[in-house]
Amino acid sequence: MLKKILVLSLAALMLLPLFTACGKKADTPSVYYLNFKPEQDTQWKALAKVYSDKTGVPVTVVTAAAGNYEQTLTSEMDKKDAPTLFQVNGPVGLANWKDYCYDFSGSKVLNELTSPDFALTDGEKTLGIAYVLETYGIIYNETLLNKYFNSDFSTVKSVEEINNFEALNTVATEIQANKGALGVDGAFTSAGMDTTSDWRFKTHLANMPIYYEYKAKNITSTDEIEGMYLENYKKVWDMYINNSTVSPTSLASRSVADAESEFKRGRAVFYQNGTWVYDSLKKDASGEGLEDSEFGVLPIYIGVSGEEEQGLCTGSENYWCVNAKASEADILATLDFLYWVVTSEEGTAALAYEMGFVSPFKSAKPAANPLVDIANGYIMSGKTPVSWNFATIPSENWKNGVGTALTQYAAGKGDWKSVESAFVDGWKKEYAAANK
């Protein structure tokens, strides 16, 4: 009897390490996804619940606040229960986190990519997988734009004529001068420069002068940006802030939600953003928003020779990485979750129909998103897509420096030379700091 008790006691002791303080088995596999996209927070959490209900594997989704992903990731990675799944924005982001990135080589999810071009590699290792291809440009309200075309004061009479900066600027200034007659508050939505919105200009708009400089020099990255097209950058920024729903002096506190609301309520004709905002702009139960037939998208023209053949900005800055420092059980659970997301009926439907993603996977469904259809139309018509060269920007500090300079310039507290300095001198400084 004593022997039996001892055996049972030993067995109980052996089981103790398998339980955590919260009662969960220590070796129970789980997934923790630190999501980058606030606009898809609800959809990711719903999809995670479906998977957990089917498999019994806990999947937690936490979404970082807009503009704070790197800061949140750094904080979360220091915790005991760190994310098992996170994202980097391209080669520069990978350089910061590659020690935490598991090698996807040989995994089933990697085999689902339609092209190796959609993976981030380091030597023979595959450390990141793109999960969405996106496009951005200048979204417009077709109903409002047609109202302008049919007015007595318009000198541009069709969207086909808006194929260069001069034409776009003419349209913007004429709409602004006659905004009362058109029933709008401005040609463009507010170019907000708070942290939820400034990425549209210090990153996405900044891509335009970077793209054309790289194209002129036939390069794909650089340790020193020359700033060959910064005057063109200035022209576009001036057009945005001087033909807007709000005064340029108020931009520091304006958010992406402000711009979204202005566009959705028909208070502005143009809105620089991308395919990912469709769900936020389409007509909702209250009646606000656009019908699918009302959406249009123009390229971001900056006044460069030959831009009539330019298409929209297409690429990805969204690459999944699996935390190599997680437990083996959690790594395998995370890989299984990703494979299910990109191959199952539930996962592919959520990506395409609920999140509106164009995903580079073999089983991907076509996205139910008119902005995606418009983007594909530019490619089919032979227009040259603008690549996402902002993935080569040396650091977040560089972006923040440019963003601050743009905001001060708009408020009349700084001149354009400050923007040029932040762009050129800041690039050299930040590249050197990141490549010591």
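## Cysteines

Search the whole structure and you come away with 0 disulfides. Keep in mind that this is a predicted model. Cysteine 321 is a good place to look: the nearest cysteine sulfur belongs to cysteine 101 and sits 3.6 Å away, and cysteine 321 is in no disulfide. The cut-off explains why, because a disulfide calls for two cysteine sulfur atoms within 2.5 Å.

As for the surroundings, cysteine 321 is buried, with a relative accessible area of 0%. Cysteine 313 counts as buried too, at 1% relative accessibility.

## Aromatic pairs

The count of aromatic pairs comes to 30. Take tryptophan 97 and tyrosine 100: their ring centres are 5.4 Å apart and the planes make an angle of 65°, so this pair is edge-to-face. Tryptophan 97 is buried, at 8% relative accessible area, while tyrosine 100 is partly exposed, at 25%.

Now for tyrosine 131 and tryptophan 320. Here the ring centres lie 4.6 Å apart with the planes at 10°, so the pair is stacked. Tyrosine 131 comes from the loop between strand S5 (125–130) and strand S6 (134–141), and tryptophan 320 comes from strand S11 (residues 319–322), so the pair ties together parts that are 189 residues apart in sequence. Both partners are tucked away: tyrosine 131 is buried with a relative accessible area of 0%, and tryptophan 320 is buried with 1%. The two also belong to a cluster linked by ring pairs, whose members are Tyr33, Trp44, Tyr131, Trp320, Phe357 and Phe361.

## Lysines over rings

Tyrosine 100 turns up again here, this time with a lysine. The charged end of lysine 325 sits over the ring of tyrosine 100, at 5.0 Å from the ring centre. Recall that tyrosine 100 is also the edge-to-face partner of tryptophan 97.

Another such arrangement involves lysine 108, whose charged end sits over the ring of tyrosine 339 at a distance of 4.2 Å from the centre.

## Helices H14 and H15

Helix H14 (residues 328–343) packs against helix H15 (residues 345–354) at an angle of about 70°, and the axes are 5 Å apart. That makes H14 roughly perpendicular to H15.

Which residues meet where these helices pack? On the H14 side you have Trp340, Val341, Val342 and Thr343, and on the H15 side Glu345, Glu346, Gly347, Thr348 and Leu351.

## Helix H10 and the loop after it

Helix H10 carries glutamate 213. Is this glutamate buried or exposed? Glutamate 213 is buried, since its relative accessible area is 1%. Leaving out residues up to four places away in sequence, glutamate 213 touches Ile225, Glu226, Gly227, Met228 and Tyr229.

Those five contacts of glutamate 213 bring us to asparagine 218, which has its place in the loop between helix H10 (207–217) and helix H11 (230–242). Asparagine 218 has a positive phi of about 55° although it is not a glycine. Unlike glutamate 213, which is buried, asparagine 218 counts as exposed, at 71% relative accessibility.

Methods
Residues are numbered from 1 along each chain as its sequence is written. This is a predicted model: local features need pLDDT of at least 70, side-chain atom pairs count only at pLDDT 80 or more; totals for chains, interfaces and linings use all residues. Side-chain values use heavy atoms; hydrogens and water are left out. Rings of Phe, Tyr and Trp (its six-membered ring) pair if their centres lie within 6.5 Å; planes under 30 degrees apart count as stacked, over 60 as edge-to-face and the rest as tilted. Buried means under 20% relative accessible area, exposed over 50%, partly exposed in between (1.4 Å probe, protein chains only). Helices (H or I, at least four residues) and strands (E, at least two) are DSSP runs, numbered from the N terminus. A charge sits over a ring if NZ of Lys or CZ of Arg is within 6 Å of the ring centre and within 35 degrees of the ring normal. Axes are lines fitted to C-alpha atoms, for helices over the stretch in contact, and angles run from 0 to 180 degrees between N-to-C directions. Angles under 35 degrees count as roughly parallel, over 145 as roughly antiparallel, 65 to 115 as roughly perpendicular and the rest as oblique. Contact means heavy atoms within 4.5 Å.
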